[in-house]
Amino acid sequence: MLVSPPSATSHPSVAVAARICADRGVNLTPLRRIVLEVLLGFHGPARAYELIRALQDRLGKQVGPPTVYRALDFLQQHGLVTRIESQNAFLPSSPDTVGRGAFLLCNDCGTSFQIDMTDLDAEFSRHAALQGFQIARRIIELQGICRDCQRAAADHLVRDDRP
Ligand SMILES: [Zn+2]
């Protein structure tokens, strides 16, 4: 099976999310917008409690978990946020690629990239169809070490080798 080289896809901006919601006739309320903004400010996936803490800092008031979970549910429904199962954390995502591609997650610094793998997605669909299976949700998480962390580790080794 040939797989084209993965290309990193960027997260949508809040403006893009607002346009998507407008096109779909759904309301990106101020709270939903702020939840997305705060999430975009994280370096990688954010756990719910981290998100709640950051939101409270931003708003300067208490925010109940149910309120945040409702906003996250909405954002997930529209592909603007994806739940990273292995970390029980949330990541901004692009609705064009949600349910496709894969997430690369760095175990060291927590950074994450969403990559598009159209050929692989087509293969999954083909194999599932052969089994008469309809895929409802597909999230692929690949854990490892990002380029920057590998470089930092290599630099560290070089330094340690010096007399
Ligand atoms: Zn890293």
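What percentage of the 163 residues of the protein count as buried? In this predicted model, the share that count as buried is 21%. The legends below begin with the whole chain and then turn to two helices.

**Figure 1. Overall secondary structure of the predicted model.** The protein contains six helices and seven strands. Along the sequence, these elements follow the pattern β-α-α-β-α-α-β-β-β-β-α-β-α. Of the contacts between residues at least 6 apart in sequence, 56% join residues at least 24 apart.

**Figure 2. Close-up of helix α2 and its buried residues.** Helix α2 spans residues 30–40, and R32, V35, L36, V38 and L39 are buried within this helix. Viewed down the axis of α2, the buried residues fall within an arc of 165°, and therefore they line one face of the helix. The elements that cover these buried residues include the helices α1 (14–24), α3 (48–59) and α4 (65–77). Strands β2 (46–47), β3 (81–84) and β4 (89–92) are also among the covering elements.

**Figure 3. Close-up of F124 in helix α5.** Helix α5 comprises residues 118–130 and includes F124. F124 counts as partly exposed because 14 C-beta neighbours lie inside 10 Å, whereas a buried residue would require 20 or more.

**Figure 4. Close-up of the contacts of F124.** When residues up to four places away in sequence are not counted, F124 touches I135 and R138. F124 and R138 are separated by 14 residues in sequence, and their C-alpha atoms are 9.5 Å apart in space.

Conventions
Residues numbered from 1 in each chain as written. Predicted model: local features only at pLDDT ≥ 70, side-chain atom pairs only at ≥ 80, totals over all residues. Buried ≥ 20, exposed ≤ 12 C-beta atoms within 10 Å, placed from the backbone. Helix = DSSP H or I, 4+ residues; strand = E, 2+ residues; numbered from the N terminus. Arc of directions from axis to C-beta. Contact = placed C-beta atoms within 7 Å.
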